[in-house]
Amino acid sequence: MHSFEIEGGHKLSGEITPQGAKNEALQIICATLLTNQEVEISNIPDIVDVNNLIDLLDHLGVQIVKKNSHTYSFKAENIDLGYLQGKEFRNKASSLRGSIMIMGPLLARYGKAYFPKPGGDKIGRRRLDTHFVGFEKLGARFHYNANEIFYSLETDGLKGSYMLLDEASVTGTANIVLAAVLAEGKTTIYNAACEPYLQQLCKMLVSMGAEISGIGSNLLSIQGVPGLSGCKHRLLPDMIEIGSFIGMAAMTGSEITIKDTAYDQLGIIPEAFKKMGVKLQRRGDDIFIPQQDEYEIETFIDGSIMTIADAPWPGLTPDLLSVFLVIATQAKGSVLIHQKMFESRLFFVDKLIDMGARIILCDPHRATVIGLNKETPLRGTTLTSPDIRAGVALLIAALSAKGTSTIQNINQIDRGYQGIDVRLQKLGARIKRV
Ligand SMILES: CC(=O)N[C@H]1[C@@H](OP(=O)(O)OP(=O)(O)OC[C@H]2O[C@@H](n3ccc(=O)[nH]c3=O)[C@H](O)[C@@H]2O)O[C@H](CO)[C@@H](O)[C@@H]1O
Ligand SMILES: C=C(OP(=O)(O)O)C(=O)O
C-alpha cells in the first residue's frame with residue numbers, strides 16, 4: 001500500500017486545471033446502459049472509482065473504446081445479465097458506491113437488476129431506501145436478501161407515478177430518473193436532489209431523447225419514452241477538487257490560479273470560502289487565489305460565531321466540509337463546522353489535534369475550531385486517511401505543516417483525485433509517493 005511523504009511549509013504557485021467530476025462521471029457512465037447506441041463521454045477523470053466502474057461495464061458486455069486519455073465511447077448492445085448473478089460481479093460492484101446507479105437503467109431496459117452492498121466511504125449510515133422505494137413506486141418488485149446483503153429488482157414493465165422522496169438523495173434521485181426515462185407514462189419526483197451532477201445527467205438524457213422538465217429544481221417531471229439514442233457528453237470540472245485547491249492555497253499562503261472551473265456551476269462554494277476570509281477572484285472562468293498571509297473568519301451579522309454546515313444542493317456540499325475544517329485550523333477566529341448528513345466524517349479531527357490544531361469535537365456531527373492565525377504552524381506527523389475527503393484535508397494540513405508528514409492509506413485519496421501528487425509537484429509541492 002502506497003503512502004504520500006510530504007515536506008510541508010512550502011508555498012505553491014502556478015496554474016492547475018481541475019479533473020472531470022467524479023460524482024458526475026459515475027452517473028453519466030451508468031446512463032450509457034440505457035441505449036444500444038454509441039455514447040461518447042469526454043473529460044472522464046482517471047481515478048480509481050471511475051476506472052472500476054468502466055471495468056464493471058466492460059464485464060457486463062458494454063463495448064468500450066478509449067478514444068484518448070479522457071474520452072471513452074460506450075455501446076451497450078449486448079448485456080450479459082447472467083454476469084449480475086456471479087461472484088465476480090459482487091466483488092467489482094461493491095468496490096465503489098456509484099455503481100449502484102446501474103440498477104435504474106438495467107431495470108428499465110431489461111426488467112431486472114441486482115446489486116450487492118455498495119462500497120464507498122465509511123462515513124456513517126448510508127441507507128439506500130430512497131432508491132428502492134422509488135423503484136417500487138415505478139412498479140418494480142423488490143427483494144432484499146439480508147444474509148448476503150443482496151438487492152434484487154424485477155418488473156414486467158415500469159409505470160410512471162408521483163413520488164415524494166423522503167430525502168433528497170443524490171444517487172437515489174439519479175437512479176430513479178435513470179429508470180423513469182424509459183417507464184410508461186409520466187413520473188413526478190418531488191424533493192429530488194438537484195446537484196450539478198444531476199442537472200448534467202438530465203441534460204444528457206434529454207440529448208438522448210428523454211423528456212424531462214424541472215431540471216435544476218427539486219421537482220422533476222419525466223415523460224417516459226420507448227427508447228433512447230446515443231449522444232456526446234462532456235463532464236463538468238470537479239467542484240470538490242476545485243474547493244480542495246482553494247483550501248490548499250489558503251492554508252499554504254499560496255498564489256494559484258484554478259483554470260476552467262465552470263464557475264457558474266459552483267453554487268454557494270465560493271461564498272462559503274469568502275466567509276472563512278479566503279480571498280478569491282473570478283477571472284473569466286478561472287479562479288485566482290492571491291497569496292494571503294492570514295485570513296479571518298467572518299462572524300454572523302450579530303457578532304455570533306460563524307457556522308459552516310452542509311445541506312442538500314443548493315446548500316453547501318458535505319464533501320467539502322473536511323476542507324473547510326482544516327483551513328479553519330489556521331484562520332483568525334473561530335467557527336462551528338456542522339456536518340449534518342454523515343455521522344462519522346469528523347473523526348479525523350483527532351489527527352489534526354495531534355498536529356497541534358485547536359479543535360473540540362462536540363459530538364459526531366459538530367466540531368468547534370479555534371484558528372491559530374498562522375502564528376503556530378501544524379506539526380508534521382504520520383497520518384492515515386480514513387476517507388477520501390478527510391484524506392485531502394490531511395494532505396492540505398501536511399502541505400502547510402512544519403516538518404515532514406506521511407499519509408498512509410492513500411488509495412482513499414486516489415479513489416477521487418487524479419494523480420494528485422504529480423499535479424501538486426507542478427505547483428511546487430514537495431510530495432512523493434512511496
Ligand atoms: C457517488 C456519489 O455521488 N456520492 C455522493 C452522494 O452520495 P449518496 O447519494 O450515497 O448520498 P445521499 O444523497 O443518498 O445521502 C447522503 C447522506 O445525507 C443524508 N441526507 C441526504 C439528503 C437529505 O436531504 N438529508 C440527509 O440527511 C442521508 O441520510 C445520507 O446519510 O451524495 C452525498 C451527499 O451529497 C455525497 O457526500 C457523496 O459524495
Ligand atoms: C463520499 C464520497 O464518495 P462515495 O459516495 O463514492 O463514497 C465523496 O465523493 O466524497
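How many residues of domain 1 are in contact with how many residues of domain 2? In this predicted model, where local features need pLDDT of at least 70, side-chain atom pairs count only at pLDDT 80 or more, and totals for chains, interfaces and linings use all residues, 18 residues of domain 1 are in contact with 16 residues of domain 2. By class, the side of domain 1 that touches domain 2 has 6 nonpolar, 6 polar and 6 charged residues. Two residues are in contact if their C-beta atoms, placed from the backbone, lie within 7 Å. Ala, Val, Leu, Ile, Met, Phe, Trp, Tyr, Cys and Pro count as nonpolar, Asp, Glu, Lys and Arg as charged, and the others, Gly among them, as polar. Residues are numbered from 1 along each chain as its sequence is written, while chains are lettered from A and ligands numbered from 1 in the order in which they are written.

The protein is divided into domain 1 (4–19 + 237–433) and domain 2 (22–229), with bounds that come from an automatic or database domain assignment. The C-alpha centres of the two domains lie 31 Å apart.

Both ligands have a shell of residues around them, where a residue is near a molecule if its C-beta atom, placed from the backbone, lies within 6 Å of it. The shell around ligand 1 draws at least three residues from each of domain 1 and domain 2, and the shell around ligand 2 likewise draws at least three from each.

| Shell | Nonpolar | Polar | Charged |
|---|---|---|---|
| Ligand 1 | 7 residues | 6 residues | 4 residues |
| Ligand 2 | 2 residues | 4 residues | 6 residues |

Of the 17 residues that surround ligand 1, the closest are Asn23, Ser169, Val170, Thr171 and Met341. Helix H6 (170–180) gives the most to this shell, with 3 residues; helices (H or I, at least four residues) are DSSP runs, numbered from the N terminus. Around ligand 2 stand residues including Lys22, Asn23, Asp49, Arg97, Asp319 and Arg389, and helices H1 (22–31) and H12 (388–400) each supply at least two residues of that shell.

Helix H12 has 13 residues and reaches 19 Å from its first C-alpha to its last, close to the 18 Å expected at 1.5 Å a residue, the expected span being 1.5 Å times one less than the number of residues. Because 13 of the 13 residues of H12 are buried, this helix is largely enclosed by the rest of the structure; a residue is buried if 20 or more other C-beta atoms, placed from the backbone, lie within 10 Å of its own.

Notes: A residue is buried if 20 or more other C-beta atoms lie within 10 Å of its own, exposed if 12 or fewer, and partly exposed in between; C-beta atoms are placed from the backbone.
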